[in-house]
Amino acid sequence: MAALAEFAALVPASGVIIFLIIGYARTKFQLSAVPWHTGRYEHDATMPVLAGAAYRAAANQSDAGIPPASPVHRALFVVDIENSTAKPDPVKARLRRVLYHLLGEALRTSGISPDDCDRLVDRGDGVLILIKPADHIPKLTLFTVLVPTLEDLVERHNRDNPELVLRLRMAVHAGEVHHDEQGPFGEAVDLTCRLLDAPELKAALKHASSSTVLAVSQHLYEVIIVHHYDGIDATMYSPLIRVELVGTPRQGWLRTTAGPS
């Protein structure tokens with residue numbers, strides 16, 4: 001009888017404890033009063049339906065955010081195949097293989113190894129190359145070795161393969177580039193791609209007798225082209241390209257095949 005009396009005395013206290021636990025859980029995890037047998041917890045309809053602790057962990061992670069890594073300096077070189085959208089997919093595939101092969105040859109000739117570049121960014125009908133800063137790859141190399149080598153390789157390919165002509169728009173810039181798990185981004189990338197897609201550059205290639213045209217950013221024009229380094233003919237560049245970035249007009253330089261008369 002004494003044991004039974006002791007058990008009876010504990011029941012009310014246990015009930016109070018259970019009630020307090022349930023009340024705390026509802027407050028802590030914002031649980032509504034749906035029956036427990038439904039097998040899920042519900043809360044504010046504007047939030048995802050997640051189990052209490054898991055939901056809070058996800059919410060805390062989302063709120064905290066992860067600051068982007070500091071930008072790194074890169075030389076940017078991007079190329080694009082002319083009028084690729086008008087070509088059948090099998091032809092695009094063949095042109096892509098040719099493009100990557102010729103780019104690899106041009107990079108090797110320029111002394112630019114895979115370790116000197118970030119992973120190549122495939123743009124479907126083009127490629128973005130981000131070259132890391134290094135003393136053995138001055139920016140001048142872009143203009144005196146990389147671009148001329150690629151142009152020679154393209155012209156040679158077109159002579160040998162008239163049934164698979166490759167024509168390229170090219171653009172070069174240098175600036176600070178951000179990276180995340182999806183790839184590179186930032187103003188420098190945006191500007192380079194805007195130069196590549198500028199109507200003036202497309203028109204220049206359409207009317208060019210050569211297989212390539214080149215756009216140069218104002219920055220590279222000022223730090224490289226204007227100084228007339230060996231192998232650079234500044235008279236071949238004209239400020240004919242206009243693009244807009246973040247609502248601000250930006251100028252680019254179009255390299256023509258001959259200087260002014």
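## Strand S6, boxed in

Six of the six residues of strand S6 (residues 212-217) are buried, so the rest of the structure largely encloses this strand. Buried here means under 20% relative accessible area, with exposed meaning over 50% and partly exposed falling in between (1.4 Å probe, protein chains only). Strands (E, at least two residues) and helices (H or I, at least four) are DSSP runs, numbered from the N terminus. In a regular strand, side chains alternate between the two faces of the sheet. In S6, Thr212, Leu214 and Val216 point one way, while Val213, Ala215 and Ser217 point the other way, and all are buried.

What does S6 pair with? Strand S4 (residues 168-180) runs parallel to S6 and is joined to it by five bridges; there, Arg169 has Val213 of S6 as its bridge partner. Strand S8 (residues 248-255) pairs with S6 in the antiparallel sense, over four bridges, and Leu254 of S8 stands opposite Ala215. For the record, two strands count as paired if DSSP finds at least two bridges between them.

## The model and how far to trust it

This is a predicted model, so to speak of local features a pLDDT of at least 70 is needed, side-chain atom pairs count only at pLDDT 80 or more, and totals for chains, interfaces and linings use all residues. Residues are numbered from 1 along each chain as its sequence is written, and side-chain values use heavy atoms, with hydrogens and water left out.

The pLDDT, the predictor's confidence in each residue from 0 to 100, averages 80 over the protein chain, and 72% of the residues score at least 70. Where is confidence lowest, and where is it highest? The low end is helix H2 (residues 52-64), with a mean of 39, and the high end is S6, at 98. Over residues 24-66 the pLDDT is below 50, and this stretch has 30 contacts in the model beyond near neighbours in sequence. Residues 16-22 also stay under 50, and for them the model has one contact beyond four places in sequence. A contact means heavy atoms within 4.5 Å.

## The chain as a whole

The protein chain's secondary structure comes to seven helices and eight strands. Of its 261 residues, 36% are buried. Take the contacts between residues at least 6 apart in sequence: 65% of them join residues at least 24 apart.

The accessible surface comes to about 15,400 Å², and carbon and sulfur atoms account for 58% of that. Areas come from the Shrake-Rupley method with a 1.4 Å probe; for residues, only the protein chains shown count as cover.

## A stacked pair and some cysteines

The structure holds one aromatic pair. The ring centres of Tyr221 and Trp253 are 3.5 Å apart and their planes sit at 5 degrees, so the pair is stacked. Tyr221 lies in helix H7 (residues 218-223) and Trp253 in strand S8, so the pair ties together parts that are 32 residues apart in sequence. Both Tyr221 and Trp253 are buried. The rule used: rings of Phe, Tyr and Trp (its six-membered ring) pair if their centres lie within 6.5 Å, and planes under 30 degrees apart count as stacked, over 60 as edge-to-face and the rest as tilted.

How many disulfides are there? Zero, going by a cut-off of cysteine sulfur atoms within 2.5 Å. Cys117 counts as buried, at 9% relative accessibility, and Cys193 is buried too, at 15%.

## Asp80 and Lys92

Asp80 is found in strand S1 (residues 72-81) and is buried, with a relative accessible area of 5%. Leaving out residues up to four places away in sequence, Asp80 touches Arg123, Asp125, Gly126, Arg167, Leu168, Arg169 and Leu196. Arg169 is also the bridge partner of Val213 in S6.

Lys92 sits in helix H3 and is partly exposed, at 26% relative accessibility. With the same neighbours left out, those up to four places away, Lys92 touches Ser84, Thr85 and Lys87. The C-alpha atoms of Lys92 and Gly124 are 9.1 Å apart, and the two residues are 32 apart along the chain.

## Two positive phi angles

Most residues other than glycine have a negative phi. Asn83, though not a glycine, has a positive phi of about 55 degrees. Asn83 lies in the loop between S1 and helix H3 (89-109) and is partly exposed, with a relative accessible area of 49%.

Val246 has a positive phi as well, near 55 degrees. Its place is in the loop between strand S7 (237-245) and S8, and Val246 counts as exposed at 73% relative accessibility.
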